[in-house]
Structures are given as structure tokens and as C-alpha cells.
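Please open the structure in the viewer and keep the selection tool at hand. The stops below say what to select and what is found there.

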Amino acid sequence: DTSLEQTQSSAPLNFTFTAKGGDFFGIAIKNIFLSILTLGIYWFWGKVEITKYLYNNTRFQNHNFDYHATGKERFIGFLKAVGILLVYGIFIGILSWVLGKAIGEQTAQTILGLFSYLVFFSVLPFIIIGALRFRLSRTSFNGIRFQFLGEPKEFTILFLKSLGLTIITFGIYYPWAIAAIATYIARNALYGNHAFDLRIKAEELFFMFIKGILLSFVTCGIYSFWFRANIHNFFWNNYYFQNGKTNSNLSGDILFVTFLKSVGLLAITCGWGFAWVFIMNQKVI
């Protein structure tokens, strides 16, 4: 905390990303090969290895981030999810048979379709909260862990309200929904015992979306790179931590040039340059 406070009172410092395409390529190829040999089981250990490599090569003030999850716990989480889906599938199958006999197949399928959407959007907030808690609790910087204190019930109410208003307004409410959800997540994310904050105005985001969508359409998608950069900067220029704030100067020019380089490298290498493309894009951010 002391080092962070010292940083906030001095000139801004940049994050650095020291990963190399060759190293990442080696890790990726090994993980692909072992995942094939183990019929996909090793993928969970491989994903942890890749995340840890990316975290370890993301540095700030000569300290790197670290990732503490294990392949075993990710695999167990996957098995739990499969078990839940299996039980749900059996339940839906039985319910479909019963309703089909009672009210007809077509009506039953319509009701079950609506029911499935309702279940999905009701469960989704719990999945998001669970993922945030897991990811942040397994992430550390300079030996100090992050944590997420958001409550599933509270977030579910916010999520469903945002979703409902977005649907009712035919998408117009979307910027307000994104702003509300992003602010909630930021204010419930902690580094040690200190919370982050996000201070944005949804009205500004709304006009940014209108401009971005219209210009992207007029320019056949070319402006989308500048649109993406503007959205990225809009959020990162409004995150606060203690007495300091983050700042981003990402530009559409850089994203566009990086995209052209990425396409060119993938074409020249017939796709084998994917690791260098990924690392190049990460360094830009």
C-alpha cells in the first residue's frame, strides 16, 4: 500500500508486459498436445498455466501479478457444472413429456423454451458473481490478494432490472445498464482491504455508442477500431483507487495498425503465428 501511495503522489507510471511470442507459443502447443492426448482433461491445467504466464509477465513498479488457481479446482468446478446441467436436462426431459401429454407437444415446447430463458437469465448473475469471486481471490499483486465482495442477491436484482429495461426500451437503456453493472463490480472489487471505484456518466456512454455505431456503419466497420479505443479509454480513465486514478491513451490508429499486422502475420504463417499475434495485441493494451 505504501508503494502505491508514493506512486499516486508522483508522475504516472505505466504497466509493462514482458511476455514473448516464442514462450507463449511453446506453452500453447504443449497444452494443445496434452489436451488431445487426455481427451480434453489437461485443458484445465493448461488454462491455468497460460493465465499464470500472462499474469507473471504483467508488471507494475517492478512487481508482477500472480495467479494462484489450480487445474484440479478448475476441473472439479467443470464437473460440478456438468452435473448441474445433467440434472437440469433430465428435469426438462421429464417436464417436457408430462406437459406434452397434458397440453400438446407444440404448446409444451413453447412454455419450456420461455422457462429455459427465464432460468438462464436468473442463474447468469450467480455465475458472474462466482466467476468474479474465484478469479479475484486467485489473483495477487506484490503478495497481496484481490477479493470480490459483491452479493449474488443484490447483483441479481441489478442485473435483471438492467436486462428488463434494456429489452423494454429496445436497447436504448443498454449504456445505463453497462454503467450500473460496471460500477457495481468496480466498487465491490478490493485489493487487500481497499476498494476500487468507477465514476462514469451513462449519458456520455450513450452518445459514444450512438456516434460509434453510426460511424462504424458509414465507414463499413473501419471506425470500429476508434470506437473500441474510445470505450476502452472511457472506462479506464474513470477508475479510482485510494487517492489515484488510472489513465489510458489507447488510440484507434494503433488498434487499426495492430489489426493489419495481425492479419498479415497470420496469413504469412498460415495461422502458426497466433501466439505472436496474441502477445502483440496484449502489449498494445
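Begin by selecting helix H4, which gives ten residues to the lining of the second largest pocket, the largest share of that lining. The model on display is a predicted one. H4 covers residues 71-103, and together with helix H3 (43-56) and helix H5 (105-137) H4 belongs to the helices that each supply at least two lining residues. Next, select Gly77, Lys80, Ala81, Ile84 and Ile127: of the 22 residues that line the second largest pocket, these lie nearest its centre. The space in the second largest pocket comes to about 940 Å³. Colouring its lining by class gives 15 nonpolar, two polar and five charged residues.

**Along helix H4 to the surface**

Now select Leu86, Ile90, Ile94, Trp97 and Val98. These five residues form a nonpolar patch on the surface, and their accessible area together is about 540 Å². Centre the view on Trp97, which has its place in helix H4. Is Trp97 buried or exposed? Its relative accessibility is 57%, so Trp97 counts as exposed, the cut-off for that class being over 50%.

**From helix H4 to the loop after H5**

Remain on helix H4 and select Glu73 with Arg138. Their side chains meet in a salt bridge, with an N to O distance of 3.0 Å. Because Glu73 lies in helix H4 and Arg138 in the loop between H5 and strand S4 (139-141), this pair ties together parts that are 65 residues apart in sequence. Both partners can be checked in a surface view: Arg138 is partly exposed at 21% relative accessible area, and Glu73 counts as partly exposed at 25%.

**Other salt bridges**

How many salt bridges does a search of the whole structure find? The search finds five. Select Glu49 and Lys30 for another of them; the closest N and O atoms of this pair are 2.9 Å apart. Glu49 lies in helix H3 and Lys30 in helix H2 (residues 21-37), so the salt bridge ties together parts that are 19 residues apart in sequence. Glu49 is partly exposed, with a relative accessible area of 25%, and Lys30 is likewise partly exposed, with 36%.

Move then to Asp197 and Arg187. In this salt bridge the closest N and O atoms are 2.6 Å apart. The pair ties together parts that are ten residues apart in sequence, because Asp197 lies in strand S7 (residues 194-198) and Arg187 in helix H7 (residues 174-187). Asp197 counts as buried, at 17% relative accessibility, whereas Arg187 is partly exposed, with a relative accessible area of 45%. Add Arg199 to the selection: salt bridges that share partners join Arg187, Asp197 and Arg199 into one network.

**The largest pocket**

Which residues lie closest to the centre of the largest pocket? Select Phe15, Thr58, Phe65, Trp236 and Thr246, which hold that position among the 50 residues of the lining. The pocket itself contains about 2,300 Å³ of space. By class, its lining consists of 31 nonpolar, 16 polar and three charged residues.

**Two loop residues with positive phi**

Select Leu39, in the loop between H2 and H3. Leu39 is not a glycine, yet its phi is positive, at about 60°. With a relative accessible area of 79%, Leu39 is exposed.

The second such stop is Cys270, in the loop between helix H10 (252-268) and helix H11 (274-284). Cys270, also a residue other than glycine, has a positive phi near 55°. Its relative accessible area is 68%, and Cys270 is therefore exposed.

**The whole model**

Finally, clear the selection and show the complete chain. The protein has eleven helices and nine strands. Along the principal axes, its C-alpha atoms fill a box of roughly 70 × 50 × 45 Å. Colour the protein by relative accessible area: of its 285 residues, 31% are buried.

Notes. Residues numbered from 1 in each chain as written. Predicted model: local features only at pLDDT ≥ 70, side-chain atom pairs only at ≥ 80, totals over all residues. Heavy atoms only, no water. 1 Å grid on protein atoms, 1.4 Å probe; cavity = no way out; pocket = protein on both sides within 12 Å on 5 of 7 lines; lining within 4 Å. Points joined across faces, edges and corners; volume = space filled by probe spheres on them. Nonpolar A, V, L, I, M, F, W, Y, C, P; charged D, E, K, R; others polar. Helix = DSSP H or I, 4+ residues; strand = E, 2+ residues; numbered from the N terminus. Patch = residues over 30% accessible without salt bridge, like charges linked within 9 Å, V, L, I, M, F, W, Y side chains within 5 Å. Areas by Shrake-Rupley, 256 points an atom, 1.4 Å probe, with all protein chains shown as cover. Salt bridge = Lys/Arg side-chain N within 4 Å of Asp/Glu carboxyl O. Buried < 20%, exposed > 50% of the residue type's maximum accessible area, 1.4 Å probe, protein only.
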